[in-house]
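Morning, everyone. I've got a few minutes on a two-chain structure, so let me put it up and then walk you through it.

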Amino acid sequence: MKEHFDHPDVVVCPGGPLLLRGEHVIEDAEGRQHRTSRPVSAVCRCGKSADQPWCDGTHKVLPDKLKP
Amino acid sequence: MRIPKARGELSEALAAALQEGTAPAELADVAATDDADRHLSLWTLYELSYRGFDGVDDELEWQPELLALRHTLERRFEAELREWFSPPELGEPFADALFELIENDDGASVATFVQREATLDQTLELLRYRTIYHLKEADPTAWVVPRLTTGPKAALMELQYDEYGCGDPNRLHSHLFVRGLDACGLRSDYGAYIDDVPVEVLVQNNAMSLFGLHRRLRGAALGHLAAFEATSSLPSRRMAQGLERLGLPTEMIAYYEEHVEADAVHEQLAVRTICGALVEEEPAQAAEVAFGALACLGLEDRFARRMLAEWGAE
């Protein structure tokens, strides 16, 4: 049986957001601070989310070349 | 919750059995009048394992004749689901293939209609129908937890913990919906609108219970979860915009806004860490994950088509 499982704090999702496990404070491009509020948070990487700095799934409707 | 109003001969015989507290062996011989009667009967039997009914003996959850009837109804339903939703073989890497399968689905959407043109009455009707699942949000998937090995079990709990408000009852997703319903002047007691919902809602709800209550169907349950989460963020945004357009209360808008953000996380977890870990530990479950995902998408499409047709929106 497997004894050790990978459980990284930060996960880059191909073509999607950055997952953050645990509590963090994120400063956005305008210098505003946002505190995470759930066990895992998804940070926007495509720049198109309407809910910055969090992912809102918008990357899925972007053409491939604009996906992160 | 009251026993639902019968929709045919089988649900009528079942309601009588529940009220009397004994299930006669002949119950298995009663033919369902139609799909609505059959699915309401199955829904009622499942509900004995969730919250039960007012005045109905809790012992009936494990009454052999009722379990036999449930088994008969489930076998037919599962055979139908497998006939309707036959998945292609998923390629590699698994997570990308599962996302692609879900994203290629072009099912009908009630959210787009609510966003742009639904009337207040149509939107409130939709919210009433959504109560059947949203008031037990995440519960059918909770049955799956003890059936999993270490990797997928921990991954599923990471998601479920968020669904259940991280231990804070005020943040429990089903409770956020209760607050939204109360603010809209709708009933928020569990199962309040069961007599009103179209058969498509019963079918959707029964599929989740079927997958959740059978260890054999754990892969389908997690595939259903993945498809549900991966088709939630963007439609939830449209719902929130539609509710705002119609001037509905902020509590109900907040429910959908929470799902924009939460499900952008949950879809990644469900596809990559939950289904990914399941398939890594049990490769034979890949086809079951795909089956569950297609069932989720296909049954929502049937519901959406029904509603859009009734609203003259097709």
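I'll go through the contact between the chains, then a pocket, a helix, some salt bridges and a few odd backbone spots.

One thing up front: this is a predicted model.

Okay, the interface. On chain A, 24 residues are in contact with 25 residues of chain B. Together the two chains bury about 2,000 Å², and carbon and sulfur atoms give 53% of that. Who does the work on the chain A side? R38(A), P39(A) and K60(A) supply 32% of the area that chain A buries against chain B, more than any other three residues.

There's charge here too: six salt bridges run between chain A and chain B. One to look at is K60(A) with E267(B), where the closest N and O atoms are 2.5 Å apart. And R38(A) sits in a network of salt bridges with D162(B), E258(B) and E261(B). So K60(A) and R38(A) turn up twice: in that top trio for buried area, and again in the salt bridges, K60(A) with E267(B) and R38(A) in the network.

Next, the second largest pocket, which has a volume of about 570 Å³. It's lined by 22 residues, and the ones nearest its centre are D6(A), H7(A), R21(A), T273(B) and A277(B). Both chains contribute: β1 and β2 of chain A, plus α8 and α13 of chain B, each supply at least two lining residues. The largest share, six residues, comes from α13(B). As for chemistry, you've got ten nonpolar, five polar and seven charged residues in that lining.

Now helix α4 of chain B, residues 94-103. Is it mostly covered or mostly open? Mostly covered, with seven of its ten residues buried. Among the buried ones are F94(B), L98(B), F99(B) and I102(B). The cover includes α11, α13 and α14 of chain B, and α13 is the helix we just met in the pocket lining.

Staying in chain B, have a look at E78(B). Its side chain meets R82(B) in a salt bridge, 2.9 Å from N to O. Those two are four residues apart in helix α3, so about one helical turn separates them. In general, residues three or four places apart in an α-helix point the same way, because there are 3.6 residues a turn. E78(B) also has a salt bridge with R216(B), at 2.8 Å. That second pair links distant parts of the chain, 138 residues apart, with R216(B) in the loop between α10 and α11. On accessibility, E78(B) counts as buried at 10%, whereas R82(B) is partly exposed at 32% and R216(B) is partly exposed at 47%.

Last bit: backbone oddities. As a reminder, most residues other than glycine have a negative phi, and most peptide bonds are trans. Here, a cis bond joins Q52(A) and P53(A), with omega about 5°, and P53(A) is in the segment after β5 of chain A. Another cis bond joins E92(B) and P93(B), omega about -10°, and P93(B) sits in the loop between α3 and α4.

Then there's positive phi. A138(B) has it near 75°, in the loop between α6 and α7, and A138(B) is buried at 3% relative accessible area. C166(B) has a phi of about 55°, in the loop between α8 and α9.

That's my tour; questions welcome.

Methods:
Residues are numbered from 1 along each chain as its sequence is written. Chains are lettered from A and ligands numbered from 1 in the order in which they are written. This is a predicted model: local features need pLDDT of at least 70, side-chain atom pairs count only at pLDDT 80 or more; totals for chains, interfaces and linings use all residues. Side-chain values use heavy atoms; hydrogens and water are left out. On a 1 Å grid over the protein atoms alone, a cavity is a set of points where a 1.4 Å probe fits but cannot get out, and a pocket is an open set with protein on both sides within 12 Å along at least five of seven lines; lining residues have an atom within 4 Å of a point. Grid points are joined across faces, edges and corners, and a volume is the space filled by probe spheres set on the points. Ala, Val, Leu, Ile, Met, Phe, Trp, Tyr, Cys and Pro count as nonpolar, Asp, Glu, Lys and Arg as charged, and the others, Gly among them, as polar. Buried means under 20% relative accessible area, exposed over 50%, partly exposed in between (1.4 Å probe, protein chains only). Contact means heavy atoms within 4.5 Å. Buried area is the accessible area (1.4 Å probe) that two parts lose on being put together, summed over both. A salt bridge is a side-chain nitrogen of Lys or Arg within 4 Å of a carboxyl oxygen of Asp or Glu.
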